[in-house]
Amino acid sequence: MSPYEEDELLAAIAANDTAAYSHLYDVYYNTLVYFSLSIIQDQHQAEDIATESLLKLWQSPNRFESIGKLRAYLFTLARNASLNYLKHLRVREKRSLEISEQEQGDDNSIASLMAESELMRLIYQEIARLPDNYREIVELLYLQDMPSADVAARLDISMENLRQRKARAIKELKTVLLKKGVSSQFLSILFF
């Protein structure tokens, strides 16, 4: 026998009466645990979800027209939390699998990254050795990815002058990097 009539319970919930929440906990906790457990198959997590669902109801009390709507609200909270938990598990498992696969292929990846890093170090080193008027253009266009019109305005030069300096800078860089063993295909991709 319930200590509350339906209308009294709904009014007590709306008034944030802690005794009403204690009653709801006694009535719905095990049901919510079982419901969540049927979705996620994890007893401990199902207990947490049931508690969190009841806590959310308490933290943001709503006016419910009937016990049926209150019950539906609690089960919706528990269902959504259970599905979110499963989604989180899938993401975590997928990430774990990706890390495992990555570790298996890491030997090749590490060697490739080391070669790429060494190549980029060489390119940056040669950019730094360019004459100032060429170096500045290459840095702004390629390293800072600034639009050509902005570079020309910043350096107070015409677009035609910018194109000429850029062409000379790239030609000079390509010549030096080719002599150091960098492939012409890579340079074509890098400086299109």
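## Close-up views of an all-helix predicted model

**Figure 1. Helices α2 and α3 pack against each other in this predicted model.** Helix α2 covers residues 18–40 and helix α3 covers residues 43–59; their axes lie 8 Å apart and make an angle of about 140°. The crossing of α2 past α3 is right-handed. On the α2 side, the contact includes Thr18, Tyr21, Leu24, Tyr25, Tyr28 and Tyr29, and further along the helix Leu32, Val33, Ser36, Leu37 and Ile40. Facing them from α3 are Gln43, Gln45, Ala46, Glu47, Ile49 and Ala50, together with Thr51, Ser53, Leu54, Leu57 and Trp58. What kinds of residue make up the contact of α2 with α3? They divide into 15 nonpolar, six polar and one charged.

**Figure 2. The whole chain, for orientation, is built from helices.** There are eight helices and zero strands, so a walk along the sequence reads α-α-α-α-α-α-α-α. The chain has 192 residues, and 28% of them are buried. Its accessible surface comes to about 12,700 Å², with 52% of that belonging to carbon and sulfur atoms. Looking at contacts with a sequence separation of 6 or more, 53% join residues 24 or more positions apart.

**Figure 3. The largest nonpolar core draws on several helices.** This core holds 26 residues, and the members that touch the most other members are Leu24, Tyr28, Leu32 and Leu70. Helices α1 (6–14), α2, α3 and α4 (67–129) each supply at least two residues. Which helix gives the largest share of this core? That is α2, with eight residues. Take Leu32 as a place to start exploring: setting aside residues up to four places away in sequence, Leu32 touches Ala50, Ser53 and Leu54, and also Leu74, Phe75 and Ala78.

**Figure 4. A second core sits separately from the one above.** This core has 10 residues, among them Leu122, Leu130, Ala169 and Leu177. One of these, Leu177, is also a contact of Glu126, which is shown in Figure 7.

**Figure 5. Ser53 is a buried serine in helix α3.** Ser53 has a relative accessible area of 1%, and because that is under 20%, Ser53 counts as buried. Which residues does Ser53 touch, not counting those up to four places away in sequence? They are Leu32, Leu74, Leu77 and Ala78. Another residue to look for in this view is Arg79: its C-alpha lies 9.4 Å from that of Ser53, although the two residues are 26 apart in sequence. Ser53 also belongs to the α3 side of the contact with α2.

**Figure 6. Ser36 and Gln41 touch, one in α2 and the other in the loop that follows.** Is Ser36, in helix α2, buried or exposed? Its relative accessible area is 0%, so Ser36 is buried. Beyond the residues up to four places away in sequence, Ser36 touches Gln41, Ala46, Ile49 and Ser82. Gln41 is placed in the loop between α2 and α3. With a relative accessible area of 62%, Gln41 is exposed, and its backbone is worth a look too: Gln41 has a positive phi of about 60° although it is not a glycine.

**Figure 7. Glu126 is a buried glutamate in helix α4.** The relative accessible area of Glu126 is 6%; because the cut-off for buried is under 20%, Glu126 falls on the buried side. Leaving aside neighbours within four places in sequence, the residues in contact with Glu126 are Leu173, Val176, Leu177 and Lys180.

**Figure 8. Helix α5 and the loop after it hold Glu136 and Asp145.** Glu136 lies in α5, which spans residues 132–143. Why is Glu136 called partly exposed? Its relative accessible area is 33%, and that label applies because the value lies between 20% and 50%. The C-alpha atoms of Glu136 and Val151 are 9.3 Å apart, with their positions 15 residues apart in sequence numbering. Asp145 is found in the loop between α5 and α6 (148–155). Asp145 is exposed, with a relative accessible area of 65%, and has a positive phi of about 55° although it is not a glycine.

Methods:
Residues are numbered from 1 along each chain as its sequence is written. This is a predicted model: local features need pLDDT of at least 70, side-chain atom pairs count only at pLDDT 80 or more; totals for chains, interfaces and linings use all residues. Side-chain values use heavy atoms; hydrogens and water are left out. Axes are lines fitted to C-alpha atoms, for helices over the stretch in contact, and angles run from 0 to 180 degrees between N-to-C directions. Helices (H or I, at least four residues) and strands (E, at least two) are DSSP runs, numbered from the N terminus. A crossing is left-handed if the near helix is turned anticlockwise from the far one by less than a right angle, and right-handed if clockwise. Contact means heavy atoms within 4.5 Å. Ala, Val, Leu, Ile, Met, Phe, Trp, Tyr, Cys and Pro count as nonpolar, Asp, Glu, Lys and Arg as charged, and the others, Gly among them, as polar. A nonpolar core is a set of buried Ala, Val, Leu, Ile, Met, Phe, Trp, Tyr and Cys residues joined through side-chain atoms within 4.5 Å. Buried means under 20% relative accessible area, exposed over 50%, partly exposed in between (1.4 Å probe, protein chains only). Accessible areas come from the Shrake-Rupley method with a 1.4 Å probe; for residues, only the protein chains shown count as cover.
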